[in-house]
Amino acid sequence: MKRFALLLVLFLGVNCCFANEELSKQATAFYSDNNHHKTMDLLLQINENERTAQDWLLLGNLLDEKGEKDNAIFMYQKAINTDKKYYKAYYNLANLYLADERYNMAVENYKKAISLNKENSYVFYNLGCAYLKLGEVKKARSAFQQAVTLKNDVAEFHYNLAYAYKSLGKTKMAQIYLDNYNKLNQG
């Protein structure tokens with residue numbers, strides 16, 4: 001009898017994990033289809049202790065879209081606590097801090113995101129924007145340059161890099177990137 005009970009507990013535990021995994025997949029699919037109500041319903045069916053970093057991130061995104069910034073921050077921090085190497089949570093948290101004019105906290109979280117994923121051009125771009133807000137134009141220029149290096153076809157990257165160069169008194173370099181910006185907007 002003890003063996004049966006142990007097997008039943010193991011089966012239910014494994015079954016529960018598969019069920020949560022399936023709920024997470026479905027929630028992600030509904031989120032991709034902009035069905036936020038169904039996404040929230042599915043994610044809330046998962047026990048808090050069994051949510052993945054992705055689950056917490058989606059909850060944070062949903063709350064952010066509802067204007068519940070403090071709750072979104074809490075969810076992103078839960079994502080980070082669940083997986084310290086999940087760069088998307090640091091990135092989304094930094095975006096909230098940037099929008100909330102908490103620039104130093106934004107920079108800190110963008111740097112953490114970059115330490116985990118050096119290939120996302122938008123992290124570098126937003127880091128540059130935060131540095132501009134802090135008046136650290138050289139650091140902003142460096143971040144914008146990295147964004148352009150990673151993804152050369154985004155007009156705004158070139159525009160902000162031109163702005164940084166102009167702010168540093170390097171008008172020839174500023175003009176090069178402004179010309180790039182204009183070309184990208186024409187095509």
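Contact here means heavy atoms within 4.5 Å, and that is the sense in which helices pack against each other below. Keep in mind that this is a predicted model. The mean pLDDT of the protein chain is 91, with 90% of its residues at 70 or more. The exception to watch is residues 1-16, where pLDDT stays under 50 and the model has one contact beyond four places in sequence.

Let's start at α6, residues 103-116. With 14 residues at 1.5 Å a residue, this helix should span 20 Å, and its end C-alpha atoms are indeed 20 Å apart, so the two agree. Its buried residues are Y103, A106, V107, N109, Y110, A113 and I114. What do the buried residues of α6 pack against? They sit against α5 (87-99) and α7 (121-134).

Take the α5 side next. The axes of α5 and α6 are 8 Å apart and meet at an angle of about 160 degrees. Angles over 145 degrees count as roughly antiparallel, so α5 and α6 are roughly antiparallel to each other. Their crossing is left-handed. On the α5 side the contact is made by Y87, Y90, Y91, L93, A94, N95, Y97 and L98, and α6 brings Y103, M105, A106, N109, Y110, K112, A113 and L116.

Now move on to α7. This helix has 14 residues and reaches 20 Å from its first C-alpha to its last, close to the 20 Å expected. α7 is mostly covered, with ten of its 14 residues buried; among them are F124, Y125, L127, C129 and Y131. The cover over those buried residues includes α5 and α6, along with α8 (137-150) and α9 (155-167).

Technical notes
Residues are numbered from 1 along each chain as its sequence is written. This is a predicted model: local features need pLDDT of at least 70, side-chain atom pairs count only at pLDDT 80 or more; totals for chains, interfaces and linings use all residues. Side-chain values use heavy atoms; hydrogens and water are left out. pLDDT is the predictor's confidence in each residue, from 0 to 100. Helices (H or I, at least four residues) and strands (E, at least two) are DSSP runs, numbered from the N terminus. The expected span of a helix is 1.5 Å times one less than its number of residues. Buried means under 20% relative accessible area, exposed over 50%, partly exposed in between (1.4 Å probe, protein chains only). Axes are lines fitted to C-alpha atoms, for helices over the stretch in contact, and angles run from 0 to 180 degrees between N-to-C directions. Angles under 35 degrees count as roughly parallel, over 145 as roughly antiparallel, 65 to 115 as roughly perpendicular and the rest as oblique. A crossing is left-handed if the near helix is turned anticlockwise from the far one by less than a right angle, and right-handed if clockwise.
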